[in-house]
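Subject: Structure for your review

Dear colleague,

Please find below the structure that I am handing over to you. I would be grateful if you could read the notes that follow it alongside the coordinates.

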Amino acid sequence: MSERMEAERRVVVVGAGMAGVQTAVALREQGFTGPVRLIGAEPHQPYDRPPLSKAVLLGTAEGSAFDVDFEALGIELRLGVEVTALRPDAHEVDTEAGPVPYDVLVVATGARPVPLPGSEGVPGVHLLRTLDDAERLRPVLADKHDVVVVGAGWIGAEFTTAAREAGCAVTVVEAAGRPLAGALPAEVAAPMAEWYEESGATLLTHARVGHLEPGEVALEDGRLLPAEAVVVGIGARPATGWLAGSGIALGPEGAIVADEHLRTSLPDVYAVGDCASFPSARYGERLLVHHWDNALQGPRAVAAAVVGEVPRPYDPVPYFWSEQFGRFVQYAGHHAAADTMVWRGDPAGAAWSVVWLRGGALVALLAVGRPRDLAQGRKLIEAGTPLDPERVADASVPLKSAARG
């Protein structure tokens, strides 16, 4: 493509979270010289989300804006603008402020938290996804309110950690029989239930919310829980409702169905981050990854495709971390297809890991307080290195030393 043609191509990125910002930055880093416009629904300067459930929530940080000089990079920001529709035939997206034309469109609209049925309009019910959400919750922690958390997933655990640190009384209501039921096998998640009790929080499993009243949560079994505030963390869904009628292919959870280069079913349209699934040759299935690292890595693949490089298929080793109850929890890979699970260390202790193998090769790893296991394991997953399960099970043996000769 000639420099003149590239200079005239307009790239519009919808979504100003991590995935959208990193896409715009990666385009410049990879030499794209045409106009880049970044559209965000929130009025705030683009910001990072992980601190929202920690420092911002506790008032130890005022925000988490990205350290990016958009003006110097020639990236046009349009903030506080909701995108309402995509019209691919016209190569335009509709916004509250009027249509925006594009030559290349990157959808990076992320995910929206799932609201608790029956909670609409009930005062004191909170979600935790945006900076405004965190700001609304700060007084709850500052005033040491009694809090009920619905959902013992990653967000529920991180919020509970912060709320206990602030001195709140916290009761966590979980419909399943254990924390992280949708993310980890029962035997791996079971030890984590004790973390709640250690922190002074009350964890109620096999418990479902019947209805909400101001200041109270009624469970289906009749129990009544006092709640000056209710924080809901029961999952998130791709924010793709605005694509209805566009013809773009969506999966069963509403995720955009992207290919191995993060191209969508529509010409000149890419999708990246929490809103898009992609095929993984490594794991033999389509992955939908709602984590920060995916929003960091995917944009580089999109930028390479836009600037015309011959891109490698996007097939990362998924990675995420969580800071909860004084522990640093890390996960790499995808364990669904594993045939063997191996413990490293005692789950009752402060530091332990779980390793999943398939055909002897490492495919996933959960590390609690063992960052070296995670760092070595991630490289072993990428390399597909066969391991000796007996040596893996010896927590004193470095993972890389468990590789078969």
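The notes below go through the annotated domains, the parallel strands, two antiparallel sheets and two individual residues.

Please bear in mind throughout that this is a predicted model.

Annotated domains

Two domain annotations come from the UniProt record, and the entry is unreviewed. The record gives "domain: FAD/NAD(P)-binding" for residues 10-295. In the model, this span is 21% helix and 28% strand, and the C-alpha atoms at its two ends are 22 Å apart. The record also gives "domain: Reductase C-terminal" for residues 319-402. Here the composition is 21% helix and 39% strand, with 21 Å between the end C-alpha atoms.

The parallel strands around E10 and E11

Strand E10 covers residues 147-150 and is joined to two partners. With E11 it pairs in the parallel sense over four bridges. With strand E16 (residues 229-232) it likewise runs parallel, again through four bridges. Val 148 takes part in both pairings: its bridge partner in E11 is Thr 171, and in E16 it stands opposite Val 230. Val 147, for its part, is placed opposite Val 170 of E11.

The connection from E10 to E11 passes through H5, and this β-α-β crossover is right-handed. Strand E11 then pairs with strand E12 (residues 202-204), in the parallel sense and over three bridges. Within that pairing, Thr 171 lies opposite Thr 202. A right-handed β-α-β unit is also formed by E11, helix H6 (residues 186-199) and E12.

In a regular strand, side chains alternate between the two faces of the sheet. Both E10 and E11 can be read with this in mind. In E10, Val 147 and Val 149 are buried on one side, and Val 148 and Val 150 are buried on the other, so that both faces are covered. Strand E11 (residues 170-173) is also covered on both faces: Val 170 and Val 172 are buried on one side, while Thr 171 and Val 173 are buried on the other.

Thr 160 in the crossover helix

Thr 160 belongs to helix H5, which spans residues 154-166. Is this residue buried or exposed? Its relative accessible area is 0%, so Thr 160 counts as buried. Its side chain reaches the backbone oxygen of Gly 156 at 2.7 Å. Beyond four places in sequence, Thr 160 touches Val 149, Val 170, Val 172, Tyr 196, Ala 201 and Phe 325. Of these contacts, Val 149 is among the buried residues of E10, and Val 170 and Val 172 are buried on one side of E11.

Two antiparallel sheets

One open sheet consists of three strands in the order E4-E5-E6, paired antiparallel. Its edge strands are E4 (83-87) and E6 (98-101), each of which pairs on one side only. On average, neighbouring strands of this sheet are turned by 25 degrees against each other, direction ignored. E4 is joined to strand E5 (residues 92-95) by four bridges, and the bridge partner of Val 83 in E5 is Thr 95.

A further open sheet of three strands follows the order E13-E14-E15, with antiparallel pairing. In this case the edges are formed by E13 (209-213) and E15 (224-226), each pairing on one side only. Its neighbouring strands are turned by 20 degrees against each other on average, direction ignored. Four bridges connect E13 with strand E14 (residues 216-219); Val 209 has Leu 219 as its bridge partner in E14.

Leu 287 in strand E21

Leu 287 lies in strand E21, residues 285-288. Which residues does Leu 287 contact, leaving aside its neighbours within four places in sequence? They are Ala 276, Ser 277, Phe 278, Ser 280, Pro 318 and His 334. Ala 276 is eleven residues away from Leu 287 along the chain, and their C-alpha atoms are separated by 8.7 Å. The relative accessible area of Leu 287 is 5%; as this is under the 20% limit, Leu 287 is buried.

With kind regards

Technical notes
Residues numbered from 1 in each chain as written. Predicted model: local features only at pLDDT ≥ 70, side-chain atom pairs only at ≥ 80, totals over all residues. Heavy atoms only, no water. Buried < 20%, exposed > 50% of the residue type's maximum accessible area, 1.4 Å probe, protein only. Polar contact = N/O pair within 3.5 Å; in protein donor to acceptor, adjacent residues only side chain to side chain. Contact = heavy atoms within 4.5 Å. UniProt positions renumbered as here; feature names shortened; annotations may be inferred. Pairing = 2+ DSSP bridges. Axes fitted to C-alpha atoms, helices over the stretch in contact; angles between N-to-C directions. Right-handed = clockwise from strand over helix to strand, strands pointing away.
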